[in-house]
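Me: Please take a close look at one helix in this model, the one that contributes to both the core and the ligand shell. Describe what surrounds it, and then set it against the rest of the chain.

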Amino acid sequence: MGYGGSTRAEFLMEYLPAMLTLNNRPNAAAAPTLDQVVELIPDAFVILDGNHRLLAANRAALDCLSLSREALQGMGCGEFFLGVPGDCAGAGRCPLASPESMSRSVSVLVYGGRGRQRLNIRMTRHSGDDGDFFGLLLYPDAATVSGSSENVRLVGQSAPMRELMRMVERVGPTHATVLLLGESGVGKERVADYLHHCSGRAQGPLVVVDCSTLGEQIIEAELFGYEKGAFTGADRRKIGLFEAAQGGTLFIDEVGELPLAMQSKLLRVLETSRIRRVGGTEYIPVDARVVAATHRDLASMVTQGGFREDLYYRLSAFPIFIPPLRERREDVLALAEYFLREVEGGASHLPLSVPVTDLLVSHHYPGNVRELKNIMTRAAILAGGGPLLPEHIAFQSRQAHDADTGLSAQPRRVRTACTEAGVRAALAASGGHRSEAARRLGVSERTLYRYLEKFQIRG
Ligand SMILES: Nc1ncnc2c1ncn2[C@@H]1O[C@H](COP(=O)(O)OP(=O)(O)OP(=O)(O)O)[C@@H](O)[C@H]1O
């Protein structure tokens, strides 16, 4: 077994290429259709073509993703895995483009009808005369199954962690808006998950939105949804993440990246508990508890005019600071063992030898818990069936921001620093067109606008 799917699903995945080849033969009148083929698989299953567009999904997948067949068909991998239109292979973050996804099950974030959810995927790829396709078996991550104790576990027994857990358990059951503060990779999303499960809303959805991955144009539509015809391409009504989080929690990650115009809209929702879809006229009541997070210093952003003061005070009604891992070294070994157990066969390397533990405890962890997780995953793979030795522990702090699922060197979020001269040159070279200038600089339009403000460039 090994990947958590059912035996029948595993068996059918083996035969899928043959079934699809049969299906594509021009005179195969009696061959099953794609939709019939996927229904043979009992677990949630989707098929994508070689361009990473969704071709078919079975009933179990539609239920698991809370999407209609129409909404899913034709969706690109960018929308599926990142919540943004198009494909995400170019950004180096597409699980379909990662060889790792082929060899074992990987944990990924997927955007469904209820916002972002974590799922495990097991993939099969078929290349033939009729082109490429990918078959994806989807099953809920053990860490997101409601009520699972693993789900809600915060590993760590240091004094700061115990204090943090006490605070989360105290504020969890209330309706207070919580602001999670801490460096990247420190565990903000994990704490939000724990908080959700400590609230009376644990049976409701936990919807995650990462403001740093959404462009200015789509963030409003993502949060509030839109009506059919609200803008070009809005060919159907779509509910937003606030509505998707009804009865549950909306986790707004990297809230410091929200554009100013959206900040005032967010404040209004927090104050009125009502939203209005883009292009809509009706105000819709929403019952979603908001937890926000940032690695940025919001107070100084307020001073510099980058963040609204009123929203800052509204969000920081209950701030919780998650200390960096280097300030709670007592947690390093517990976390290291926990992550090792998560890797297939990893538990066989326990207990860790003294030279390995000495090495782990002495590191600075600029990438925090995420860095430690990647180190342990890599170490388990390098050690294989033999003992886990100090040389298997590779501190590569430049990779501190790798995505959770990847051992690749792709940066999780690239932040580019532009000089005033560079911005002016890009504007001049693009005849003053800001979108073109942003493209030349390799930043989003929103980032460019921030630079224009910072350097006081007008026109
Ligand atoms: N206390 C903990 N116990 C178990 N796992 C943890 C803990 N803290 C963090 N992790 C794991 O470490 C990884 C990074 O944590 P997480 O994504 O929550 O960090 P973050 O602060 O939200 O990062 P970013 O600022 O980049 O969004 C995740 O896989 C998470 O599950």
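**Helix H17 and its surroundings**

Reply: The protein has 20 helices and 14 strands. The model is a predicted one, and 40% of its 459 residues count as buried. Among contacts with a separation of 6 or more, 63% join residues 24 or more positions apart.

The helix in question is H17, which covers residues 368-383. With 16 residues, H17 spans 23 Å from first C-alpha to last, close to the 22 Å expected at 1.5 Å a residue. Of those 16 residues, 13 are buried, so the helix is largely enclosed by the rest of the structure. Glycine 384 follows H17 and has a positive phi, near 55 degrees.

The core comes next. The largest nonpolar core has 65 residues, and those with the most contacts inside it are Leu180, Val207, Phe242, Leu250, Ala336 and Leu372. H17 supplies seven residues to this core, the largest share. Because domain 2 (149-321) and domain 3 (325-399) both give residues to this core, it lies between them. Another core, of 36 residues, lies apart from this one and includes Val37, Ala44, Phe45 and Leu136.

Leucine 372 can be followed further. Once neighbours within four places in sequence are left aside, leucine 372 is in contact with Leu325, Val332, Leu335, Ala336, Phe339 and Tyr365. One of these partners, Ala336, is also listed with Leu372 among the residues that have the most contacts inside the largest core.

The ligand is the other part of the picture. It is surrounded by 18 residues, the closest being Val155, Gly187, Lys188, Glu189 and Val369. Two elements, helix H9 (188-198) and H17, each give two or more residues to this shell. By type, the shell divides into five nonpolar, six polar and seven charged residues. Domain 2 (149-321) and domain 3 (325-399) both give residues to the shell around the ligand, so the ligand lies between them. H17 therefore has a part in two settings: it gives residues to the largest core, and it gives residues to the ligand shell.

For a second helix, take H12, residues 260-272. H12 has 13 residues and reaches 19 Å between its first and last C-alpha, close to the 18 Å expected at 1.5 Å a residue. The residue that follows H12 is serine 273, and its phi is positive, near 55 degrees.

Ahead of H12, the loop that comes after strand S10 (249-253) holds leucine 258. Leucine 258 has 25 C-beta neighbours inside 10 Å and, because the cut-off for burial is 20 or more, counts as buried. Leaving out residues up to four places away in sequence, leucine 258 touches Cys211, Gln263 and Leu266. Its C-alpha is 9.7 Å from that of aspartate 210, a residue 48 places away along the chain.

Glutamine 217, in helix H10 (residues 216-224), gives a contrasting case. It is exposed, with 12 other C-beta atoms within 10 Å. In sequence, glutamine 217 and arginine 446 are 229 residues apart, while their C-alpha atoms are 9.2 Å apart in space.

Terms used:
Residues are numbered from 1 along each chain as its sequence is written. This is a predicted model: local features need pLDDT of at least 70, side-chain atom pairs count only at pLDDT 80 or more; totals for chains, interfaces and linings use all residues. A nonpolar core is a set of buried Ala, Val, Leu, Ile, Met, Phe, Trp, Tyr and Cys residues joined through C-beta atoms within 7 Å. Helices (H or I, at least four residues) and strands (E, at least two) are DSSP runs, numbered from the N terminus. Domain bounds come from an automatic or database domain assignment. Two residues are in contact if their C-beta atoms, placed from the backbone, lie within 7 Å. A residue is near a molecule or strand if its C-beta atom, placed from the backbone, lies within 6 Å of it. Ala, Val, Leu, Ile, Met, Phe, Trp, Tyr, Cys and Pro count as nonpolar, Asp, Glu, Lys and Arg as charged, and the others, Gly among them, as polar. The expected span of a helix is 1.5 Å times one less than its number of residues.
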